[in-house]
Structures are given as structure tokens and as C-alpha cells.
Amino acid sequence: MEPMFSPPLHRQRHQFVIDFVKRNKPLKVLDLGCGECSLLKLLKFHHGIDLLVGLDLDGAKVKKKMHALAPLSTDYLQPSYDQLRLELYQGSVTQKDARFRGFDLVTSIELIEHLTLADVERFSEVVFGHMTPLAVIVSTPNSEYNPHLPGLEGFRHSDHKFEWTRAEFKSWALKACVEFGYEVEFTGVGRAPPGLQECVGFCSQIGVFHRLGGRGGGNVSLNDGAEEVFFPYTLLYSINYPSLRDNNILRRVLVSEVLCWTEELKSRWMEETTKRNEGGGSGGGGEEEGLSNHVRSAEKLTACEMEMRNPVSEDQEEEDERVFWTNGQRRLESRTSYRLCWFLDVVALCCGCGSRRPHLCVCAGSRTVSVPLDMLWSCCPKVRALSGSVGNLRRLLMDEPEVKLNPDGDAVLVNHQEQDLEEEEEDRKDLEDSGFAETRQSSDSPEQKEVWEENVPPGGCSFK
């Protein structure tokens with residue numbers, strides 16, 4: 001039957017709901033007769049819905065498909081600011097449940113034709129009188145279209161209790177509007193063949209109901225007060241999607257971004273530093289010559305620029321530039337040489353803003369690179385969006401064990417890449433100085449083995 005339509009008729013019905021959601025942006029949506037949850041699977045991807053609920057009488061069918069509604073791995077890796085909770089219930093649309101009120105949209109797609117006419121009256125009372133949503137979308141087969149469906153005899157489904165004409169559907173809808181304070185517009189999906197649309201109508205007829213007066217309108221049943229205590233529906237599944245509105249998730253994502261960007265900025269800075277060192281001249285010189293190049297580069301800056309980049313005293317600068325001679329070899333004292341800042345306009349390098357205020361530097365004695373928070377905030381759009389301000393960024397990172405801040409709390413400290421290599425070299429030298437390696441080597445020497453074999457008595461060892 002459905003190959004007549006392109007897209008298939010069930011997809012057109014779902015698309016009708018999706019288009020309505022896009023236009024009206026409801027926060028709380030309930031799908032009655034959710035079945036295999038196919039409509040819910042589509043709606044969960046639409047931003048702005050805070051609560052998505054499905055209800056069906058067949059709990060076994062719901063349980064087979066409900067786990068397909070679970071968050072994807074990308075929802076955890078890249079959570080959004082949307083806060084979605086999804087719930088699935090088993091129950092009948094002819095029963096009132098106190099939890100099912102206050103929805104912005106209730107959908108009933110090809111459901112009411114599975115009810116008896118008596119149950120349809122109760123359905124009207126439950127949906128329009130008890131739930132009182134802002135909007136209701138009801139679709140049902142149009143029996144006037146049936147003669148144009150090839151091979152169809154009787155109803156379209158064996159479980160259908162009735163199939164209405166357009167006039168019958170309109171009569172029921174207008175009665176519900178008068179009784180419960182709604183207005184309705186009629187439309188549908190699945191157009192008739194050319195020239196038959198006016199006399200036949202849509203294959204699936206749809207009524208879109210809007211409550212008069214918005215949230216403050218609508219009639220309330222006089223018996224609601226006595227029935228509010230009932231909760232006949234059974235909760236089968238519920239899940240909260242990860243959201244940046246959760247402070248723990250926000251901190252986790254922010255820390256991950258900060259750690260990633262501090263390493264990225266440090267790598268760019270060191271790469272540029274290496275290029276400047278190599279461009280300073282040919283021949284030996286190593287670290288001392290590279291550092292001297294940066295000192296000379298710093299001297300070219302104006303006094304104002306130097307103050308902005310490295311606000312230290314002149315006495316301290318002179319102390320930093322002292323050169324010590326030991327064993328006839330020229331070297332810089334590690335504690336003071338690393339107090340000098342290796343200046344680089346990283347902000348200009350990363351985002352092209354040209355600002356010279358934030359800078360990276362190697363901190364004194366600690367062999368760590370200091371990445372200012374204002375630089376992180378300027379260079380990383382996601383860090384900026386997550387924190388909102390540099391002050392908020394500082395507060396969010398203050399108690400995070402994975403992030404090490406300087407004593408002033410205005411910069412992130414990350415290890416210099418040479419530190420691990422130097423520590424490994426120091427450990428190796430300490431091991432050699434201890435004599436342990438030499439002792440181990442001598443204990444396994446061939447000479448030692450031969451002496452040991454000579455002391456073994458013929459026939460092997462004897463135990464007494």
C-alpha cells in the first residue's frame with residue numbers, strides 16, 4: 001500500500017510532527033502509542049526539547065526498542081547545553097495519570113482507530129480534559145481514500161475498530177474543542193491522485209488542536225482533584241542526556257579543553273622558539289646561544305613593551321643574565337636562566353589578534369611553561385564559551401587536581417618537554433654513580449661463572 005507514496009506515508013506523518021516541532025519549539029513532548037519508538041528516535045535529535053515521553057499499552061514492544069534511545073558516545077564526548085530527559089511508560093490512554101500534565105505537545109499518530117468508540121470518548125477526556133496540553137496532533141486514516149488503495153478490502157489494519165470519513169473526524173474534533181476549550185485546523189499527508197484531492201482528501205487526515213488562551217486557558221474536569229493521586233502508568237525506561245548545564249560535566253569538558261589547549265600553545269611556542277634559535281646563526285651554541293638570542297630580541301623591545309610582557313625589576317633582570325663558569329665550561333645557572341621569559345606573541349600566532357599582552361614563559365627553577373588564563377580564554381573559542389569570562393575560568397579550575405595553576409591563579413603550569421628527558425638522564429647517571437649497574441654486570445661475567453663452576457664438586461651439589 002505505502003509504495004504509492006514517496007516518501008512512505010509513515011515518514012510523511014513523522015515529518016509533519018517534526019516540522020511542527022521546528023516551528024513551535026515545544027519543551028515537553030508526549031507521544032501516545034509510541035510503539036517501537038520510531039518517532040521518539042527522530043525527536044530526540046531536535047534541540048530545545050527538555051522532556052520527551054512515550055506511552056504505549058504494549059510494554060513488551062517498547063522494551064525491545066527502548067535502548068535505541070540511549071545517548072550516543074558523541075553525546076558524552078561533546079555534550080551540548082540542551083538538557084533532555086527521556087521517559088517511556090506502559091499504560092492506557094483511557095486512564096488518567098497525575099504525572100502526565102503540563103505538556104506543550106501531545107501526539108497521537110494513527111492511534112484512535114485502535115480504540116472502541118467508547119474508549120475514544122475517554123481518550124478525549126484524558127488528553128484534552130486532564131492533560132490539557134498546549135497543542136495536540138491527531139492523525140487517523142481517511143476512509144474516503146480507501147477505494148484508491150490497490151488490493152485493500154475492509155479496514156487498513158486488522159486491529160482497526162473503525163475508520164472515519166472526513167466529516168466523522170471533523171465532528172469528533174469539533175465536539176472535543178467545544179467541551180475542553182480548543183480550536184482545530186484540518187490537514188493531512190498522502191495526497192490523492194491528480195484531480196481527486198478535493199473529493200477524496202488526504203490518505204491520513206490530521207487535526208492540529210491548540211488550546212484557547214494558551215497556558216492559562218482550557219477547561220478543567222471537576223473530578224480531577226480526586227484523581228490526581230493516581231499513577232497507573234508503569235515507568236519502563238528513563239535516561240538523562242549529558243548536558244553542560246550539569247556542573248560536573250561542564251567542569252570535565254572545560255578541563256579537557258584547557259589541558260588540550262595548554263599543550264597546543266606550548267607546542268606552538270616551542271616550535272617558534274626553536275625556529276628563532278636556528279635562525280640566530282650557524283655553528284654551536286646550543287641552549288645558551290638560543291637563550292642569548294631571545295635576550296637580544298627582548299632588548300629590542302621598548303621599555304613599555306618589556307613592562308607589559310615581563311614586569312620584573314632591573315636588578316632581577318641583571319641577575320638573570322649572570323653567566324657562571326665551572327670547570328672551564330661556560331654555562332648558565334639553571335635557576336636564574338630559566339627566569340628569563342622566552343617571549344612570543346602566541347595570541348597573534350593563534351588567532352591573529354596581534355595582542356602582545358599575554359605571553360608564555362619558562363618559570364624559574366620549576367622548568368614549567370606558564371600559560372596565562374587570558375591567553376587560553378582568547379585563543380580557544382570553546383573555553384571562552386564554557387567559562388564566560390577569565391574570572392569564571394579561574395574559579396572553575398581552582399579546585400581541579402588535573403590542572404596546576406601558578407600561585408597567583410592566573411596561569412596554567414605545564415611541564416617543559418625537556419624536563420622528562422633530563423630527569424631520565426639524571427636517573428641514568430645516578431644509577432651509574434651508585435655502582436649498581438657495574439655490580440650487576442660483573443656478577444653476570446663469564447669469569448665469575450667459571451669460578452663458580454670450579455667450586456662445584458663432582459656429581460653436583462650435596463645437601464647434608
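The exercises below work through the fold and the salt bridges of one predicted protein model.

Residues are numbered from 1 along each chain as its sequence is written, and side-chain values use heavy atoms, with hydrogens and water left out. Since the model is predicted, local features need pLDDT of at least 70 and side-chain atom pairs count only at pLDDT 80 or more, whereas totals for chains, interfaces and linings use all residues.

**Exercise 1.** Describe the protein chain as a whole, from its secondary structure to its surface.

*Solution.* Begin with the DSSP runs, where helices are H or I runs of at least four residues and strands are E runs of at least two, numbered from the N terminus; the protein chain holds 20 helices and 13 strands. Next, take burial, where buried means under 20% relative accessible area, exposed over 50%, and partly exposed in between (1.4 Å probe, protein chains only); of the 464 residues, 42% are buried. Then turn to contacts, meaning heavy atoms within 4.5 Å: among those between residues at least 6 apart in sequence, 71% join residues at least 24 apart. Finally, the accessible area, computed by the Shrake-Rupley method with a 1.4 Å probe, is about 25900 Å² for the protein chain, and carbon and sulfur atoms supply 51% of it.

**Exercise 2.** Determine which parts of the chain the salt bridge between K382 and E257 links, and characterise the accessibility of each partner.

*Solution.* A salt bridge requires a side-chain nitrogen of Lys or Arg within 4 Å of a carboxyl oxygen of Asp or Glu, and by this rule the count comes to 14. For K382 and E257 the closest N and O atoms are 3.8 Å apart. This pair links distant parts of the chain, as K382 belongs to helix α16 (residues 381–387) and E257 to helix α9 (residues 247–278), with their positions 125 residues apart in the numbering. K382 is partly exposed at a relative accessible area of 31%, while E257, at 17%, counts as buried.

**Exercise 3.** Work out how the salt-bridged pairs K275 with E271 and E272 with R276 are placed in their helix.

*Solution.* Take K275 and E271, whose side chains meet at 3.7 Å, N to O; because they are four residues apart in helix α9, about one helical turn separates them. K275 is partly exposed at 49% relative accessibility, and E271 is partly exposed at 46%. Now take E272 and R276, which meet at 3.8 Å, N to O; these residues are also four apart in helix α9, and therefore about one helical turn separates them. E272 is partly exposed at 23% relative accessibility, and R276 is partly exposed at 38%.
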